[in-house]
Amino acid sequence: MPKLNIVIVGGSLGGLCTGLALKQLGHDVTILERNPDNLLHNQGAGIVAGGDTLEFFKRYDRCSRSFAVSSQKRLYLDRDANVVHRVDMVQNMTSWDLSYYMLRANFDGVKSDYCDVPPVHPDDGKAVHLHGHKVIGLEDEGDQVNVTFEKSNGERGSIKGDVVVGADGPNSTVRSLLVRNVERTYAGYCALRGTVPEDEATDAAREAFQERFTFFHGPGIQILAYTIPGPNGAVEKGKRLLNFVYYTNFPAESLDKPDGPLKEILTDVDGMPHRITLPPGKINPAVWEKRKNIARENLPRPFADLVCATKKPFVQAITDVISPENEFMGGKVVLIGDALAGFRPHTVASTSQAAFDAMILADMLEGKISRKEWKLQTMCYARTIQKRGVDMGNRSQFGDLPLEEHIKDRDRASKPRREEVWPEWAKAGLEDIPTPSDATEPRL
Ligand SMILES: Cc1cc2nc3c(=O)[nH]c(=O)nc-3n(C[C@H](O)[C@H](O)[C@H](O)COP(=O)(O)OP(=O)(O)OC[C@H]3O[C@@H](n4cnc5c(N)ncnc54)[C@H](O)[C@@H]3O)c2cc1C
């Protein structure tokens, strides 16, 4: 396998997973991240570590530390906080910041209190992470792609890649440079999110959420909570966080024309409007006070306790986006993760998609699977799970369904990817992709 120059646009979880997998294959990797600081700002929230996320860390992580907290049971509460459904089910919960710091330690040796930096491996390719590099253009130069960027100081520059990976999230610049008319649309509701240290939570909250994955559905409401690692990734009991995601309807035609409660919740304490995410610590205290009162009126006590105890809530408007295609310029540019398909969080699959896309891209470049199989699996995954998220979210927020239906949806979302049978509509146009004669070789 020839050594390739790989350029990755976006240095969040998807870009880092891909960078790490390809560096360990011996390729030279440069990540271009637009954020002006070397480290991305942590929102401190939880991630359900699905099968592909766990497999990724098993394959590529050399930090050797615990990566997740296990949840032992899945529970559903009624309005009076009675447990109305209980299943023994082990699931692994981690935090965005622990995942990020472990990936940075592995990719480019970033030191932190989260984990040790593994020794440099002689067979690895070079790993370069450039922050303050916002990608603005791509040109097909035959064997390579020229990637143009603008630095935080306004200077422009460019870098050539044999393969360019667009891991630049749901508003992907790479995607917008290559496909027209892909819109990111507002789903009509937001997730209010936050965490509470487990030793600061009420007894009722601890009982309901410590090592439990617990849900409540009400009209126009879904809230769920689970235990995640604490500061610096601590997984010891007493040092962890209870993490919640509280979906609430905020009607509006689009995020471009927010009014009423949507405008109110997305306008920060300094009066600055935010389009999709209001970061932790920026919410207007008067607006949050209102939300706390609504939570007390509508949620079972342990959930209301958690919402009311969180010190730095943040808000994420729920959106939909999917690219019709994931390879461009004869396969030299590929999209992965949220840049390919932004899932609704109900699917608990965004990080799993990023991990899966990274692993299967590495397998394809190594010749372990054909390009046709890579395309089929990545596109079917993106299409199927994206649609599932839309259905789950709409049923939960706008339907009037018995609890059994929500449980069925959750069971479907918990199915391991390997057990998925991709529906015919998801395979449309993928099984008849012309296969190059050397089907197991990368088409570059
Ligand atoms: C700072 C941050 C915190 C997050 N916290 C959580 C969390 O707590 N819980 C959770 O479930 N999910 C969180 N997410 C989302 C989560 O990372 C993704 O849903 C998922 O892991 C897929 O990741 P991704 O790398 O494909 O996309 P994203 O995580 O969206 O990352 C895209 C990256 O590309 C960069 N980028 C965008 N445009 C350009 C450009 N033109 N040039 C260069 N770089 C560009 C962005 O700055 C960003 O770092 C967070 C994302 C970010 C960026």
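## A guided tour of the sheets and a helix pair

Begin with the open sheet of six strands, ordered β6-β2-β1-β10-β18-β17, in which the pairing is mixed. Its edges are formed by β6 and β17 (327–328), each of which pairs on one side only. The model displayed is a predicted one.

**First stop: β1, α1 and β2.** Select residues 5–9, strand β1, together with residues 28–32, strand β2. Five bridges hold this pair, and the sense is parallel. To inspect one bridge, pick Ile6 and look for its partner Val29 in β2. Then add residues 13–24, helix α1, through which the chain crosses from β1 to β2. Which hand does this β-α-β crossover have? The β-α-β crossover is right-handed.

Keep α1 selected and display the strands beneath this helix. Helix α1 lies across β1, β2, β6 and β10 (163–166). Relative to β2, α1 runs at about 165°.

**Second stop: the β6 edge.** Select residues 127–130, which make up strand β6. How many bridges join β2 to β6? There are four, and the two strands run parallel. Within this pairing, Ile31 stands opposite His129 in β6. On the edge strand β6, pairing occurs on one side only.

**Third stop: the sheet of three strands.** Move to the open sheet with the order β7-β8-β9, where the pairing is antiparallel. Strands β7 (133–140) and β9 (156–161) each have a single partner strand, so one side of each is left without a neighbour in the sheet. On average, neighbouring strands here are turned by 25° against each other, direction ignored.

Examine the two pairings in turn:

- Select β7 with strand β8 (residues 145–151): seven bridges join them, and they run antiparallel. Glu139 is the residue to pick, standing opposite Asn146 in β8.
- Select β8 with β9: six bridges connect them in the antiparallel sense. Here Val147 has Ile159 in β9 as its bridge partner.

Next, centre the view on the connection between β8 and β9. These strands form a hairpin with four residues between them. Pick Gly154 in the turn, whose phi is positive, at about 95°.

**Fourth stop: the annotated span.** Select residues 186–320. An unreviewed UniProt entry annotates this range as "domain: 2,6-dihydroxypyridine 3-monooxygenase substrate binding". The span is 27% helix and 33% strand. A distance label between the end C-alpha atoms of residues 186–320 should read 7 Å.

**Final stop: α7 and α8.** Select helix α7 (residues 285–298) and helix α8 (residues 301–309). Their axes are 8 Å apart, and the helices pack at an angle of about 170°. How are the two helices oriented, roughly parallel or roughly antiparallel? Angles over 145 degrees count as roughly antiparallel, and α7 and α8 are therefore roughly antiparallel to each other.

Show side chains at the contact to finish. From α7, Lys292, Ala295 and Arg296 meet Ala304, Val307 and Cys308 of α8. The residues of this contact comprise four nonpolar and two charged, with no polar ones.

Key. Residues numbered from 1 in each chain as written. Predicted model: local features only at pLDDT ≥ 70, side-chain atom pairs only at ≥ 80, totals over all residues. Axes fitted to C-alpha atoms, helices over the stretch in contact; angles between N-to-C directions. Parallel < 35°, antiparallel > 145°, perpendicular 65-115°, else oblique. Contact = placed C-beta atoms within 7 Å. Nonpolar A, V, L, I, M, F, W, Y, C, P; charged D, E, K, R; others polar. Pairing = 2+ DSSP bridges. Right-handed = clockwise from strand over helix to strand, strands pointing away. UniProt positions renumbered as here; feature names shortened; annotations may be inferred.
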